[in-house]
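Biologist: Could you walk me through this one? I'd like to begin with the cysteines and then wander a bit.

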Amino acid sequence: QVQLVESGGGSVQAGGSLSLSCAASGYTYSTYCMGWFRQAPGKEREGVAAIYIGGGMIYYYDIVKGRFTISQDNAKNTLYLQMNSLKPEDTAIYYCAAHPATYCRGGYWFRTYEYNYWGEGSQVTVSS
C-alpha cells in the first residue's frame, strides 16, 4: 500500500515563499504520476501540478505557472512543491497524490479521480 506523507507548508505573507515535501513509501509499481492538489474552505479540490515519476513530464495549473515548481527526488522517494510569490488566494490545504501509470494523462492530470493514493494534507496560509 502506497503511503504519502506531506510536510512543510505553514504561514507566510503575500509575496513570500514556502515549500512542501511528500515522502512516499510502499511503491509496488515502477512508475507513477504524482500530483499536488489544494482545497480552500468551501471550494472543490483542484489540481496544482503533476509530474510523471520516470520521465519528467510536468503539468501546472495556469494560475500557478511561473510561481510554483514541482520536482522529485527518486533516490529519496520524495515529491516537492516550491511555491514562490504566494498570494492570499493560494491559501488552502495542499495534498500530495499518486497513481500508478506509464504517463500523466494530459487532459486528466488535474482530476482527483485519476489518483488512487492521497496524503493527509498540509496547511498553507498566505496573509495579505
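Modeller: A disulfide here is a pair of cysteine sulfur atoms within 2.5 Å, and the model we apply this to is a predicted one. By that cut-off C33 is joined to C104, with an S to S distance of 2.1 Å.

Biologist: And how many disulfides does a search of the whole structure find?

Modeller: Such a search finds two disulfides. The other one is formed by C22 and C96, whose sulfur atoms are 2.0 Å apart. Since C22 belongs to strand β3 (residues 18–25) and C96 to strand β9, this pair ties together parts that are 74 residues apart in sequence.

Biologist: What about C33 and C104, where do they lie?

Modeller: The S-S bond of C33 and C104 has a torsion of about 115°, so that disulfide is right-handed. C33 lies in strand β4, whereas C104 is in the loop between β9 and β10 (117–118), so the pair ties together parts that are 71 residues apart in sequence.

Biologist: Which hand does the link of C22 and C96 have?

Modeller: The link of C22 and C96 is left-handed, with -75° about the S-S bond. If the bonded cysteines of the protein are numbered in sequence order, the pairing reads 1-3, 2-4.

Biologist: Are those cysteines buried or exposed?

Modeller: C22 counts as buried at 0% relative accessibility, and C96 is buried with a relative accessible area of 0%. For C33 the relative accessible area is 0%, so C33 is buried, and C104 is likewise buried at 0%.

Biologist: Switching to charges, what does the side chain of R38 contact?

Modeller: The R38 side chain makes a polar contact with the side chain of E46 at 2.7 Å, and another with the side chain of Y94 at 3.0 Å. R38 lies in strand β4 (residues 32–39), and its relative accessibility is 4%, so R38 counts as buried.

Biologist: And R45, which rings does it sit over?

Modeller: The charged end of R45 sits over the ring of Y95, 3.7 Å from the ring centre. R45 also lies over the face of W118, at 4.9 Å from the centre of that ring, and W118 in turn forms one aromatic cluster with F37 and Y115.

Biologist: Since you bring up rings, how many aromatic pairs are there?

Modeller: The count comes to five aromatic pairs. One of them is Y59 with W109, whose ring centres are 6.0 Å apart and whose planes meet at 15°, so the pair is stacked. This pair links distant parts of the chain, with Y59 in strand β6 (residues 58–60) and W109 in the loop between β9 and β10, 50 residues apart.

Biologist: How accessible are Y59 and W109?

Modeller: Y59 is partly exposed, with a relative accessible area of 22%, whereas W109 is buried at 6%.

Biologist: Last topic, the backbone: where is N77, and what is its phi?

Modeller: N77 is in the loop between β7 (68–73) and β8 (78–83), and although N77 is not a glycine, its phi is positive, at about 50°. Most residues other than glycine have a negative phi. N77 has 34% relative accessibility, so it counts as partly exposed.

Biologist: And S85, what is its phi?

Modeller: S85, which is not a glycine either, has a positive phi of about 50°. S85 is found in the loop between β8 and β9 (92–100), and with 40% relative accessibility S85 counts as partly exposed.

How values were computed:
Residues numbered from 1 in each chain as written. Predicted model: local features only at pLDDT ≥ 70, side-chain atom pairs only at ≥ 80, totals over all residues. Heavy atoms only, no water. Helix = DSSP H or I, 4+ residues; strand = E, 2+ residues; numbered from the N terminus. Buried < 20%, exposed > 50% of the residue type's maximum accessible area, 1.4 Å probe, protein only. Polar contact = N/O pair within 3.5 Å; in protein donor to acceptor, adjacent residues only side chain to side chain. Phe/Tyr/Trp six-rings, centres within 6.5 Å; stacked < 30°, edge-to-face > 60°. Lys NZ or Arg CZ within 6 Å of the ring centre and 35° of its normal.
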